[in-house]
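This briefing gathers notes on backbone geometry, nonpolar cores, enclosed space and cysteines. Please read it with the sequence and the coordinates at hand.

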Amino acid sequence: LAQYINTSTNSKFLVNNIWAANGSNEILQTLMLACGGRGALGFLPSYSVHPLIAKATGTKWIAGERKSDFGLDLDSALSQIADVKPGLTFITTPNNPTGTCTAIADIERLAQACLAINGVLIVDEAYQEFSDEISAVSLISKYPNVVVVRTMSKAFAFAGARVGYAIADEAMISA
């Protein structure tokens, strides 16, 4: 997985930067159990399982909203992060179900805002292989609070194998 990410994103991750699990939902669940004490913020509509996993793990879910064209309202998102101070902030890009993408510059601003409140930014890239946008893995070396979650279920039609994985700073993976 590290070799695949390095090849597809021109990065230099090691095995210690990868966490493979029984599907990406298991990674999301574990992140909520470990870091969700201050709640989780996500911008709807988005992946419908995020709030369900929050409920199952006892993590307070804060539903942020998107613009009427389903794009991310960056100013509103930054304001909500500063006000709510969630332990986890979720952004899905390309977004399921809307298909909209969040530009890497906007994801970086979200990473900065989360870092300022000692929060983790989870970038759910389940559909990244269908996008021409730059992957958020490019931010991890600068922002150790960024965790990118991917799956083999979508682009690789490998759902039955239940392979999800996270790419993150080695300290985050170790924790």
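In which loop is Asn-10 found? In this predicted model, Asn-10 sits in the loop between α1 and β1 (18-22), and the notes below begin with this residue before turning to the interior.

**Backbone geometry**

- Although Asn-10 is not a glycine, its phi is positive, at about 55°, and with a relative accessible area of 73% the residue is exposed.
- Lys-85, which lies in the loop between α4 and β4, is a residue other than glycine with a positive phi, near 55°; its relative accessibility of 43% places Lys-85 in the partly exposed class, because that class covers values from 20% to 50%.
- The peptide bond that leads from Leu-44 to Pro-45 is cis, with an omega near 5°, and Pro-45 belongs to the loop between β2 and α3 (49-57).
- Asn-96 and Pro-97 are likewise joined by a cis peptide bond, for which omega is about 25°, and Pro-97 is found in the loop between β4 (88-92) and α5.
- Asp-83, a residue of helix α4, counts as exposed at 61% relative accessibility, and its C-alpha atom is separated by 9.7 Å from that of Ile-117, a residue 34 residues apart from Asp-83 along the chain.

**Nonpolar cores**

- The largest nonpolar core holds 32 residues, of which Leu-110, Leu-121, Val-123, Val-146, Val-148 and Ile-167 touch the most other members.
- At least two residues of this core come from each of α1 (2-9), β2 (40-44), α4 (74-84), α5 (104-116), β5 (120-124), β6 (146-151) and β7, and α5 gives the most to the core, with six residues.
- Once residues up to four places away in sequence are set aside, Ile-167 touches Ile-5, Phe-13, Asn-17, Ile-18, Val-137, Ile-140, Val-146, Val-147, Val-148 and Arg-150.
- A second core, separate from the one just described, consists of 19 residues, including Leu-28, Val-49, Ala-54 and Val-147; Val-147 is thus listed in this second core and also among the residues that Ile-167 touches.

**Second largest pocket**

- The second largest pocket contains about 170 Å³ of space, and its lining is made up of Trp-19, Thr-30, Leu-31, Ala-34, Cys-35, Val-147, Ala-166, Ala-168, Met-172, Ile-173 and Ala-175.
- Two or more lining residues are given by each of α2 (24-35), β7 (163-168) and α6 (170-174), and α2 gives the most, with four residues.
- Sorted by class, the lining of this pocket has ten nonpolar residues and one polar residue, with no charged residues.

**Largest cavity**

- Rolling a probe the size of a water molecule over the atoms shows where empty space is left.
- How many cavities of 30 Å³ or more does the count come to? The count comes to one, and the largest cavity has a volume of about 50 Å³.
- Gly-42, Phe-43, Leu-44, Ser-46, Tyr-47, His-50, Trp-61, Arg-66, Phe-90, Ile-91 and Thr-92 line the largest cavity, with β2 and β4 each supplying at least two residues of that lining.
- By class, this lining has six nonpolar, four polar and one charged residues; Leu-44, one of the lining residues, also stands at the start of the cis peptide bond to Pro-45.

**Cysteines**

- Across the whole structure, a search finds zero disulfides.
- Cys-35 is in no disulfide, and the nearest cysteine sulfur, that of Cys-114, is 12 Å away, so the pair does not meet the requirement that two sulfur atoms lie within 2.5 Å; Cys-35 counts as partly exposed, at 23% relative accessibility, and is one of the residues lining the second largest pocket.
- Cys-101 is in no disulfide either, with the nearest cysteine sulfur, again that of Cys-114, 19 Å away, and at 37% relative accessibility Cys-101 counts as partly exposed.

Conventions
Residues are numbered from 1 along each chain as its sequence is written. This is a predicted model: local features need pLDDT of at least 70, side-chain atom pairs count only at pLDDT 80 or more; totals for chains, interfaces and linings use all residues. Side-chain values use heavy atoms; hydrogens and water are left out. On a 1 Å grid over the protein atoms alone, a cavity is a set of points where a 1.4 Å probe fits but cannot get out, and a pocket is an open set with protein on both sides within 12 Å along at least five of seven lines; lining residues have an atom within 4 Å of a point. Grid points are joined across faces, edges and corners, and a volume is the space filled by probe spheres set on the points. Ala, Val, Leu, Ile, Met, Phe, Trp, Tyr, Cys and Pro count as nonpolar, Asp, Glu, Lys and Arg as charged, and the others, Gly among them, as polar. Buried means under 20% relative accessible area, exposed over 50%, partly exposed in between (1.4 Å probe, protein chains only). A nonpolar core is a set of buried Ala, Val, Leu, Ile, Met, Phe, Trp, Tyr and Cys residues joined through side-chain atoms within 4.5 Å. Contact means heavy atoms within 4.5 Å.
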